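Here is a short note for your review. Please read it with the coordinates open.

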Amino acid sequence: MANAGDVIGIIQIYSGSTLIDCTPGSKIRLPGRKNAAVPTGYKTRTAAGYQGGQVDATALMGTGDDLDWPDPSVRGPLQVRCDTGQVIAITDAIIEQKPDISDGGGKAALRWFFDNYTIQVTS
């Protein structure tokens, strides 16, 4: 339960209904407008563009985990749940590529891209 003034401390990521075991450091960037600097002599102007959404996480792979997951050809739901009550529900997430899985902890860096989401707040 979050209290007034709390900050995000833990992020959980669900692919469909499956919780992904992730190391600390997961992050999300929501899609939207992006400004690019355009220098013009003595001042800087801007050109608008679009920046897609992105979720980065490092999953831990262990005994019994499907090492052939995820499938980069399939779009699907992804949820990012914060311990402060925000839930970002993504409908069209797609993984960038099959991850490299390392020894010393079975770490696998994952990156999803998306455009469509809603934000819900739980108490």
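The points below cover the core, one strand and its pairing, a polar contact, and the cysteines.

1. Status. This is a predicted model. Every value below is computed from it, and local features rest on residues with pLDDT of at least 70.

2. Nonpolar core. The largest nonpolar core holds 15 residues. Ile13, Val55, Leu78, Ile90 and Trp112 have the most contacts inside it. Strand 6 (53-60), strand 7 (76-82), strand 8 (86-95) and strand 9 (107-114) each give two or more residues to this core. Strand 8 supplies the largest share, four residues.

3. Leu78. This residue is a good place to inspect the core. Leaving aside neighbours within four places in sequence, Leu78 is in contact with Ile13, Val55, Ile90 and Trp112, among others. Those four are also listed with Leu78 as having the most contacts inside the core. Other partners of Leu78 include Tyr14, Ser15, Ile88, Ala89 and Ala93.

4. Strand 6. Is strand 6 largely enclosed or largely open? It is largely enclosed by the rest of the structure, because six of its eight residues are buried. Its pairing is antiparallel with strand 3 (residues 27-29), over three bridges. Strand 9 also runs antiparallel to strand 6, and eight bridges join the two. Two residue pairs to check: Lys27 has Asp56 as its bridge partner in strand 6, and Ala57 has Leu110 as its bridge partner in strand 9.

5. Asp56. Here a charged-type side chain deserves a look. Asp56 lies in strand 6. Its relative accessible area is 12%, so Asp56 counts as buried, the limit being under 20%. What do the side chains of Asp56 and Arg111 form? They are joined by a polar contact of 2.6 Å. Leaving aside neighbours within four places in sequence, Asp56 is in contact with Arg111, Leu110, Ser26 and Lys27. Lys27 is thus listed both as a contact of Asp56 and as its bridge partner.

6. Cysteines. How many disulfides does a search of the whole structure find? The count is zero. For Cys22, the nearest cysteine sulfur is that of Cys82, 13 Å away. Why is Cys82 in no bond with Cys22? The two sulfurs are 13 Å apart, which is too far, because a disulfide needs sulfur atoms within 2.5 Å. The two residues also fall into separate exposure classes: Cys22 is partly exposed, at 24% relative accessibility, whereas Cys82 is buried, at 12%.

Terms used
Residues numbered from 1 in each chain as written. Predicted model: local features only at pLDDT ≥ 70, side-chain atom pairs only at ≥ 80, totals over all residues. Heavy atoms only, no water. Core = buried A, V, L, I, M, F, W, Y, C linked by side-chain atoms within 4.5 Å. Buried < 20%, exposed > 50% of the residue type's maximum accessible area, 1.4 Å probe, protein only. Contact = heavy atoms within 4.5 Å. Polar contact = N/O pair within 3.5 Å; in protein donor to acceptor, adjacent residues only side chain to side chain. Pairing = 2+ DSSP bridges.
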